Each structure stands twice: as C-alpha cells, then as structure tokens.
Amino acid sequence: MALIEARNLTLENRLDSVSFTVEPGEMLAIIGPNGAGKSSLLQSLAGLLPAGGDIFFTGIPLHSFNPVGRARQIGFLPQFCDSAWALAVEEIVALGRLPWRDRDIYAIHQAMRETGVEDMAQKNINQLSGGEQARVWLARVLAGVPRIILADEPVASLDLYYQGKILDILRQHTREGRAVILAIHDLALAARYCDHFCLLKQGRIHAFGPPETVLTEANLSDAFGVSIHVDLAHSPPIILPA
Amino acid sequence: MKFSTITKKIPPAPALLLPGLMVAFLLSLSIGSAPVPVLAGLLDWLIGQPGIPALVMGEIRLPRSLLALCVGAALGLSGAALQGLLRNPLADPGLTGASQGAALGAASVFYFAVLPGLGVFAPLLAGLAGAGLTLLLTLWLAGSGRPALLLLAGLAIASLSGAALAAVLNFAPNPFAMQELVFWLLGSVSERGMAHFAFLLPALVVGFALIWRQRPLLAALSLGEQVAVSLGLDVRRGGRVIVLGAAILVGAAVATAGNIGFVGLIAPHLARPLAQNRPDRLLWPAAAIGATLVLIADMTVRLMPPGREIRLGVLTALIGAPLFIRLIWKMRREWL
C-alpha cells in the first residue's frame, strides 16, 4: 500500500490538480523552476497550507488524523531554519519529540548519532557552522521518527561535503518502510540519490516517474526554459545547461 | 552506549531563586519607618489581637510586600511568555502596548467615574480590559506578520494609548485629580490594602495557568511558526491564549500598581541562563526574579532619605532603561 497518496491537490495560483503516490522505501525528488510550487506542495502535505483535494496516509484520509497524530507520522524540515534562542543542540533535537509529548532519550541520541552531531550535544546552536546546523535541524526531524520526512531544499546552502552527507542520511531514513519527499534544485545530485522525480511547472505535474522518464533533455528544457544537457549514463550523472 | 548527561553543571534554578525571594520578602516585611517585631506583629494580626505591631504588619507591610511580590511575578512571567511567543528578547509588556492600555483603562475610570458600583475594583477591571484591548489591537495590526512587525505594531498602539491617556489628563476635571493620577501612573505598591492583593492574586493564578499550559508551544516556537505547526501544535489558538494570559497579568499588575517599567523585560533576561535559554523553562524563574526585583526596588524606595518619596515605577525605569540599552548594545555586537 502506498505510504502517501495525493489526489488532485489544488491551491489557488500555486498547485493545480497534483496527484501522485509514494511507496515505502522511496525517495521522491520534487523538482522544477522557482515558483513552480515545490514548497507549496511540501507545505500542503505537512498541513501548513490548506490545499484542496485529498491526501491519504497508508490509505487513511490525512484529515482524519488530529494535528499531533499527523505530526507523529510526517516530519517537516523547512527551507530556512533558525533558533530564536541559543539552545543546546540536544535541546533542539529533543523538540522533535514534542508530538509524542515525551523526551525519549534513545530516539534523541539515535537521531544525533545518525546525523553525527552527538559530540556537539551540549554546544549552543549559534556556535556551529552552517553545515553542522543543517545536521542538527535534520536530527530534530529524525528524533520524532516520522514515517515520512518532507524536506524543503535541505542542501540549498551547503558545501559539497555536507550536501552528500545530508542526502546520505535521508536515503538511510527510507529503509524500514519509511519515505522521504524533498524539494531540490541540484538535479545531478538528486539523480544520484532519488528513485522517483516529480517535475512541476506552474503548479502542475509536468512529468512523474523514475529518473530516465523525467530527467530527459526535452522535459527539463521545456520546464526550465533553457536548453539542458543530460547524461544519466555517466557516473556521476551530468545535468547541465547546454 | 554512551549518553551525554542532560543535566547541566548550573545548579537548579529553585536552589538559587527561592531562597533569594524568601529573603527579599522577609526583609520587605521588616523594613519601615517604625521598628516593629515582624513575626509577633504577623501573629497578632492573624489571631486578631489589636495593637500597633498587628496594625503595621496587617494593614501596611504585608499588603505592600505581597503586592510587590505579585506585581513583580506577573510582570516577569508575562515578559517571559511574550518574549517566547514573539521570539524576541526585547519584547516587554510595555512594548506590546499592554501597560499603556491598562493605564488608560484605569485612568479613564478614575476620571469619568464609570462603574461606581464596583468601588476599588472598577479601575482594576478597567485596567485589565484596557490591557486586553490594546494587545488585541496590536495583534490585529501586526496580522500574521513577523515578530519584528509585532513589536512595531505594539509601539504604534502604545503611542495611541499614550495619546489617549494624555487626552484624559488634559481634560482632567481639576488639578488635584490630575496630580493624583500622575502619581498613580508613576507606579507604587504603597497605600494599598489586602483588597488589591485579593484582586491581583487570582489574576496571577489565572494568567500563570493559561501560559503554563502553553509550554510545548513556547518550546516549539523557538524554531519558528512553521516548525511549531508541523509538530502538531495549534499556533494561532495557543498564541491567543498566551496573549490573553499576558494581558491578564499585565493588566492586573498595572491596574493595581501603576506603571512598573522594565521588570518584564529584564527579569526573563536574568532568568534565561538558569533555564538553559529554553522559553518553556523560563516561566517561573522569570516570575521569581521579577518578584525579587520589585521587592528590592520597593525596599530601596523605603530606605531613601525621608522627604519627597521616589516612586517605585520611576526607580525601576531609572535602573531598567540603562539595562535595556546594555542589552541592545550586547545584541548589536552579536550581529556584527
């Protein structure tokens, strides 16, 4: 059974009849030009935007979950994260347990271990570099052990090392029947990590499926409005403006 | 498996704050123009034994100390809650328009003598209503905007309340009434009785309870509104509850004691290191520090040389404003 199924998601001026399914173990990349509706789609799935249409979680309508029940299943990593206060890393990761109303020390430390921030547990967040902070924000989501992680451009401002690191962690998360849906601009990087692609253009699905169906020169050139060269056979894959 | 310890090296907040508060309260009971045995006086007052010590303790010092304690706790707690909600360490009940609204409400009742049937409670209730109204106006003006906008909106509404208050003063029926009101606005916990305490205590309990239940929201809001919603929290409803709680606290405090500035700003700031900077753990330490600060300030007022008494609100403002400037100075350096 599909882990999540979106049917005719519609949001005024942003999304137009978007339908797709994500199976357990999958990593789905939402791609498309700026303003295509990537963030809107993720935020609708996370319950942050009131999109019309239906969302099913393991076959159950998502609106039948209460907000806490939904938060236990679906974790959301926003594009821009910050902490208003100089909190210790461990305290931030522990906030991921809020939907469970507990402070599960095992889950918190497991999340810190997976993201490699255990050694910084007692450090203040504002003492860390951007790449280290990115892993802390992700650890916060992992601590809630959600079945699905929605990540909005999680690697946008990171250097090459941390880009790979974050995507490795997300890929790891898709084991054990979990899934990840992420918005991403780096198509070549996405081609290395993601099983499925959802190419959005002006709020509609322009193409959906495995890399070889979606990441074609015709599809991408059409969606982005520039001529794009694609070589998926190359290792690592090459996707560049021609 | 190696788990790092959650507990910090800092001693737990209660160990530091409660003894300090107790000492300040007892000192406040023992300081005054006439030497009076504190415990004996209290005991006499409790068992209804007439006499000077019972009169001084029961009618003057106990209400004064209890009011200082409650006003300080209310201001510290509301400051901590508003700072957490707005994600801004510079949020002060005064910067959200609540204090001015409370002052305006209470002052209007003084002047226009409305709600005469309520007696001493009329200005108190009007102050509460004024604080609530200004906070709602501020929230409405800021919409769902960023915290910075909320502070600007608060400033705008505070100016509006200030203008209305000036108008009330302008059209004062006679100069004596005006003088009385101006003095009242400067803030004081003296010349008040147990009736004021009986009004303030329930407001403190209700405000505290409303805010206390929103601790998960305050914690989640550290990471922003989007994260809080995605964690399953009702930000809109919870935010309104916090604002309501803060309005009750500030409204009741200002209505009973006038403007006691900067306590709501400074108390959470001093409490933050004891709460590991967590806005949800900040609440009662900020209340305890606020109470201690106002008790100390009120004792300072009483220890000043006799003659023209400096008002409590004037003293806290004279001490608080430089601290506020220092806080901004520190933040400026952090942003450079």
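Biologist: Is Asp234(B) buried, exposed or partly exposed, and how many other C-beta atoms lie within 10 Å?

Modeller: The model is a predicted one, and in it Asp234(B) is partly exposed, because 15 other C-beta atoms lie within 10 Å, whereas 20 or more would be needed for a residue to be buried and 12 or fewer for it to be exposed. As for its place, Asp234(B) sits in the loop of chain B that links α10 (225–230) with α11 (235–257). Its C-alpha atom is separated by 7.9 Å from that of Leu217(B), although the two residues are 17 residues apart along the chain.

Biologist: How should I read the fold of the chain around that loop, and how many helices and strands are there in chain B?

Modeller: Chain B has 14 helices and zero strands, so its pattern along the sequence is simply α repeated, written α-α-α-α-α-α-α-α-α-α-α-α-α-α. As to dimensions, a compact globule of 336 residues would have a radius of gyration near 20 Å, and chain B agrees with this because its own value is 20 Å. Along the principal axes, the C-alpha atoms of chain B fill a box of roughly 65 × 55 × 35 Å. Buried residues account for 52% of the 336 residues in the chain, and, of the contacts in chain B with a separation of 6 or more, 77% are between residues 24 or more positions apart.

Biologist: What span should helix α13 of chain B have, and what do its end C-alpha atoms show?

Modeller: Helix α13 of chain B covers residues 283–303, and at 1.5 Å a residue its 21 residues should span 30 Å, which agrees with the 30 Å between its end C-alpha atoms. Since 16 of those 21 residues are buried, α13(B) is largely enclosed by the rest of the structure.

Biologist: How many residues does each chain bring to the contact between chains A and B?

Modeller: In general, the size of an interface is often given as the accessible area lost when the parts come together. Here the description is by residues, with 21 taken from chain B and 26 from chain A. On the side of chain B that touches chain A, the elements giving two or more residues are α9 (215–221) and α10 of chain B, and α10(B) gives the most, with four residues. That side of chain B divides into 10 nonpolar, eight polar and three charged residues.

Biologist: Turning to chain A, in what order do the four strands of the open sheet lie?

Modeller: Strands of a sheet pair through backbone hydrogen bonds, either parallel or antiparallel. The open sheet in chain A has the order β2-β1-β4-β5, with antiparallel pairing, and its edge strands, β2 (15–22) and β5 (60–61), each pair on one side only. Five bridges hold β1 (residues 4–11) and β2(A) in the antiparallel sense, and Ile4(A) has Val22(A) in β2(A) as its bridge partner. Helix α1 (residues 38–45) of chain A lies across β1, β2 and β4 (52–57), running at about 120° to β1(A).

Biologist: Which residues of strand β11 of chain A form its covered face, and which its uncovered one?

Modeller: In a regular strand the side chains alternate between the two faces of the sheet. In β11 (residues 228–231) of chain A, the covered face holds Ile228(A) and Val230(A), while the uncovered one holds His229(A) and Asp231(A). Four bridges join β11(A) to the antiparallel strand β12 (residues 238–241) of chain A, where Asp231(A) stands opposite Ile238(A), and the hairpin that joins the two strands passes through six residues.

Notes: Residues are numbered from 1 along each chain as its sequence is written. Chains are lettered from A and ligands numbered from 1 in the order in which they are written. This is a predicted model: local features need pLDDT of at least 70, side-chain atom pairs count only at pLDDT 80 or more; totals for chains, interfaces and linings use all residues. Two residues are in contact if their C-beta atoms, placed from the backbone, lie within 7 Å. Ala, Val, Leu, Ile, Met, Phe, Trp, Tyr, Cys and Pro count as nonpolar, Asp, Glu, Lys and Arg as charged, and the others, Gly among them, as polar. The radius of gyration is taken over C-alpha atoms; the globule rule is 2.2 Å times the number of residues to the power 0.38. Two strands pair if DSSP finds at least two bridges between them. Axes are lines fitted to C-alpha atoms, for helices over the stretch in contact, and angles run from 0 to 180 degrees between N-to-C directions. The expected span of a helix is 1.5 Å times one less than its number of residues.
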